[in-house]
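Open the model in your viewer and keep the sequence panel beside it. The stops below each give a selection to make and then say what is there.

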Amino acid sequence: MNRTTLSLLAAVTSLAAVTGFAALNAPDGGAATEATAPARLPVERSSLLCPAPATSDIAETVYTSFTPGPGSGGSSAAAGAVAELKPSVATLRGPADDAGKAGGEKKDEAGDAGEEESAGSAKNPPSDKPLVKLEQPGKPVGAKASGSAAPALVGTATGGLAPGWTTQQTTTVSAGSGRGVLGVHCTAPDTDLWFPGANLAEDRQDYVHLTNPDDSGALVDIELYGKDGALKSQLSDGIQVPAGASVPVLLSTLTTDPAEDVTVHVTTRTGRVGAAVRGAGDETGSDWLPASADPAATLVLPGVPADATSVRLVAFAPGDDDAELKVRLASATGTINPAGAESLRVKSGMTASLDMKDVTKGEAGSILLAPAEGAPATRVVAALEVTRGKGDKQEIAYIPATAPVAERATAADNRAKGSVLSLTAPGATARVKVTASAGTEGGSRAVKTYTVKGGTTLAVSPPVPAGLKGSYALTVEPESGGPVHAARTLLLPQDGIQMFTVQTLPDDRGLVAVPAAEQDLSVLDD
């Protein structure tokens, strides 16, 4: 009798490492025993999508791509590992988009989805060549693109380059209504995303960028919610995003309501997309608004700069119940109730806002949201619009609610000067290790450990690699204590304008839980 043994664990491990999800029950349908507790294994494949960076001819974009290496929670790359970002097959014009582009002179962007813009130019490679290619963990790589023709990027990492793969896109527009520093982490594709904090006022040109990484088309619905509930949309059939393509949609073309505090809900009927909202105003500059953390009763919005001149909180309650929120500030010295901004009521299906003015008053901090005393734990999504400077020198950035760093998170594209790392411990005191990678053009990594007292925000100038050349990545790893939320601010002032951008650091999900299995599946051959 021949006995062929199939390894159930190997099959489940492969599935989980590729998809990021696997489940296994005991043979009798009961719960897994202690002996079958899930192991934490590195993912074997990651996907990232970067939106088309700008519509200004004077835009300059820098990409920094990084996977943590040995000594910073990562591993060595196996032979054949790949991590690269290529231009999308086309950047298509959004439906009914005839309002022109923000930044510099205005250009006609009218047309139906299906009309293409250039995905390459003399300075931006065609779609068959990677614009960003990472070859080894622990050492970031950089790339540049110029002008309005810079395309959206679609990328995949495999093998030892997949766990924790991160890419930062940083665009500088020095003049025009869309001026500013626009920074965004390239994101993984999803099917359900919330963006509280968009604006449809006449002086705003806010776009949602939709990028499809897959070989088949995606059908996307966009819902808009203002202070009185859902805004009537002129688009009822959904938006087609062809395979491998990107579609920017001017939000003001979807409704006639010029609402100023708007929550954007992006869902897919078929397929997946990466999505981000680009907010731009004639007076306020521009930046990217990433998706909020999933709806939850308690939220943390980390990394409000010390010199913020205005902070505006925008929240939305997607369920059937109203939310009564307690609003607190975790400062350098402790958690306080900000005077005049201690609470916010968010009605079901409606967007609410709270003007917190210069709430940080010279000390960097983070906003904590929780149910008010005696109120039910109603789930919400939230984001901050943060302003530095005043008058024609002001500049905005966005901070979405962000989940804690469970095991590891990375912020790429840090400079020798201008980076500020904010670490918030809303509960117990936490100990955190921060690793500065080598530079894109040279330098050796540096490591520093910080203690963040419970209920406070610690804002520091992070470690810088010795002999730094180029830009570098910062990797944050909690070592002990309570949960930690993190954000990185990049300060790039220009001509008296306090240009800046803030990126929150959610966990990189480089590890996946894979159930262990004691029992083999066996096939008996006579």
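**Two aspartates with positive phi**

Start by selecting D495, which is exposed, with a relative accessible area of 63%. This is a predicted model, and the tour keeps to what can be computed from it. D495 is found in the loop between β39 (485-491) and β40 (500-504). Its phi is positive, about 55°, although D495 is not a glycine. Most residues other than glycine have a negative phi.

Next, select D413. Phi of D413 is also positive, near 60°, and D413 is a residue other than glycine. It belongs to strand β31 (residues 409-414). Is D413 buried or exposed? D413 has a relative accessible area of 0%, which is under the 20% cut-off, so D413 counts as buried.

**Strand β24 and its partners**

Select residues 323-330, which make up strand β24, together with residues 343-346, strand β26. The two strands run antiparallel and are joined by four bridges. To find one point on this pairing, look at A323, which stands opposite V346 in β26.

Now add residues 365-371, strand β28. How many bridges join β24 to β28? There are six, and these strands also run antiparallel. Within this pairing, K326 has A370 of β28 as its bridge partner.

Then add residues 335-336, strand β25, which runs antiparallel to β24 and is joined to it by two bridges. A330 has T335 of β25 as its bridge partner. Together β24 and β25 form a hairpin, with four residues between the strands. Select G334 in the turn of this hairpin: its phi is positive, about 160°.

**The hairpin of β29 and β30**

Move to residues 381-388, strand β29, which six bridges join to β30 in an antiparallel arrangement. E385 can be used to locate the pairing, as its bridge partner in β30 is Y398. β29 and β30 form a hairpin with six residues between them. In the turn, G389 has a positive phi of about 85°.

Keep residues 395-400, strand β30, selected. Six of its six residues are buried, so the strand is largely enclosed by the rest of the structure. Show the side chains. In a regular strand, side chains alternate between the two faces of the sheet. Here E395, A397 and I399 point one way, while I396, Y398 and P400 point the other way, and all are buried.

**Rings and a charge**

Select R388 and F500 as a pair. The charged end of R388 sits over the ring of F500, at 5.1 Å from the ring centre.

The structure also holds three aromatic pairs. One of them is Y225 with F316: the ring centres are 4.7 Å apart and the planes are at 40°, so the pair is tilted. Y225 is in strand β15 (residues 218-226) and F316 is in strand β23 (residues 310-316), so that this pair, 91 residues apart, links distant parts of the chain. Y225 is buried, with a relative accessible area of 15%, and F316 is buried at 1%. Add W194 to the selection to see the cluster that ring pairs make of W194, Y225 and F316.

**Confidence along the chain**

Finally, colour the chain by pLDDT. The average is 87, and 83% of the residues score at least 70. Over residues 521-526 the pLDDT is below 50, and this stretch has 16 contacts in the model beyond near neighbours in sequence. Residues 1-34 stay under 50 as well, with 52 contacts beyond four places in sequence.

Key
Residues are numbered from 1 along each chain as its sequence is written. This is a predicted model: local features need pLDDT of at least 70, side-chain atom pairs count only at pLDDT 80 or more; totals for chains, interfaces and linings use all residues. Side-chain values use heavy atoms; hydrogens and water are left out. Two strands pair if DSSP finds at least two bridges between them. Buried means under 20% relative accessible area, exposed over 50%, partly exposed in between (1.4 Å probe, protein chains only). pLDDT is the predictor's confidence in each residue, from 0 to 100. Contact means heavy atoms within 4.5 Å. Rings of Phe, Tyr and Trp (its six-membered ring) pair if their centres lie within 6.5 Å; planes under 30 degrees apart count as stacked, over 60 as edge-to-face and the rest as tilted. A charge sits over a ring if NZ of Lys or CZ of Arg is within 6 Å of the ring centre and within 35 degrees of the ring normal.
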